[in-house]
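Here are a few notes to read with the structure open beside you. Take the points in order and find each residue as you go.

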Amino acid sequence: MVAHDLAARDIHDERVLAAMESVPREHFVPEDLVDAAYEDRPLPIGAGQTISQPYIVALMAQEARIGAADRVLEVGTGSGYGAAVLGRLAAEVWTVERHEDLARRAREALEATGAGNVHVDVGDGSLGAPDSAPFDAIVVTAAAPAVPDALVAQLADGGRLVIPIGPDGHAQELVRVTVRGEHSERAHLCDVRFVPLIGAEGFGRIHPGQQRRDGDESGPDGPRTDPGTPPEP
Ligand code: SAM
């Protein structure tokens, strides 16, 4: 997977490739999908959610330019796989998930894979984790309507926020916001398609009867089939 789906494409950061090589993805997928653990695609993990496609996890980690001494926040824990990768790159990682059941299972998988520097919290990650801020990097794994002010405010000077921006199910762009003193710079990275960030600085609550795809993402190679993730209740 690392050679064929990451290094052969545009993942060139050796630390990211080593981190991807070292995290056993089979620990983060349901038992009946273990055989598919090293396919470069999202897989359903319950609660209408999916574990991220490995390429996307690697791309976001690379674009966040994470250093070994960094404190990192991930918004959208899902299975915990992305957090495990970030944990191999950074000194300490905080990750926030809105689904309690997913957070519990992610904690178990992280513990089983020795990710002792990753802390899992339940809550609305669109507001960040103010008690643990500032962060050198923030990675958001669900698409927001606009760059959340709360997250930018929790970046250290020189900090990077990597986040998909755009409407649910439509064209979205992955951007990197870098804070320098009083200013911030925004760079377009690529076009993507992510599930919505649901929260105070996201898309707000889903109303009964509203059909919203709450599955996973696709990268710059175009849309990938979401393997049967139902809309969120
Ligand atoms: N990177 C994860 C992995 O490797 O398994 C997958 C993340 S999945 C694409 C996006 C996650 O964001 C979902 O688990 C979803 O419940 C979560 N999410 C959406 N809005 C959120 C919010 N405001 N706060 C925390 N988590 C949120």
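**Around the ligand**

1. Let's begin with the shell around the ligand: strand S2 gives the largest share of it, three residues. Keep in mind as you look that this is a predicted model.

2. S2 covers residues 49–51, and two other elements also supply at least two shell residues each: helix H4 (81–89) and strand S4 (92–97).

3. Which residues come nearest to the ligand? Out of the 27 residues around the ligand, they are Ser79, Glu97, Asp124, Gly125 and Ile198.

4. Now sort the shell by class. You get 14 polar residues, seven nonpolar ones and six charged ones.

5. Next, the polar contacts. Serine 79 uses its side chain: a polar atom there sits 2.6 Å from an oxygen atom of the ligand. With glycine 125, a backbone N or O atom is the partner, 2.8 Å from a nitrogen atom of the ligand. Glycine 123 also brings a backbone N or O atom, 3.5 Å from a nitrogen atom of the ligand.

6. How much of the ligand does the protein bury? On its own the ligand exposes 600 Å², and the protein buries 100% of that.

**A pair of helices**

7. To describe two packed helices, people give the angle between their axes and the distance between the axes. Helix H2 (residues 14–22) packs with H4 at an angle of about 130°, and their axes are 9 Å apart.

8. Angles over 145 degrees would count as roughly antiparallel, and 65 to 115 as roughly perpendicular, so H2 and H4 are oblique to each other. The crossing in which H2 passes H4 is right-handed.

How values were computed. Residues numbered from 1 in each chain as written. Predicted model: local features only at pLDDT ≥ 70, side-chain atom pairs only at ≥ 80, totals over all residues. Heavy atoms only, no water. Near = heavy atom within 4 Å. Polar contact = N/O pair within 3.5 Å; in protein donor to acceptor, adjacent residues only side chain to side chain. Areas by Shrake-Rupley, 256 points an atom, 1.4 Å probe, with all protein chains shown as cover. Helix = DSSP H or I, 4+ residues; strand = E, 2+ residues; numbered from the N terminus. Nonpolar A, V, L, I, M, F, W, Y, C, P; charged D, E, K, R; others polar. Axes fitted to C-alpha atoms, helices over the stretch in contact; angles between N-to-C directions. Parallel < 35°, antiparallel > 145°, perpendicular 65-115°, else oblique. Left-handed = near helix turned anticlockwise from the far one by under 90°.
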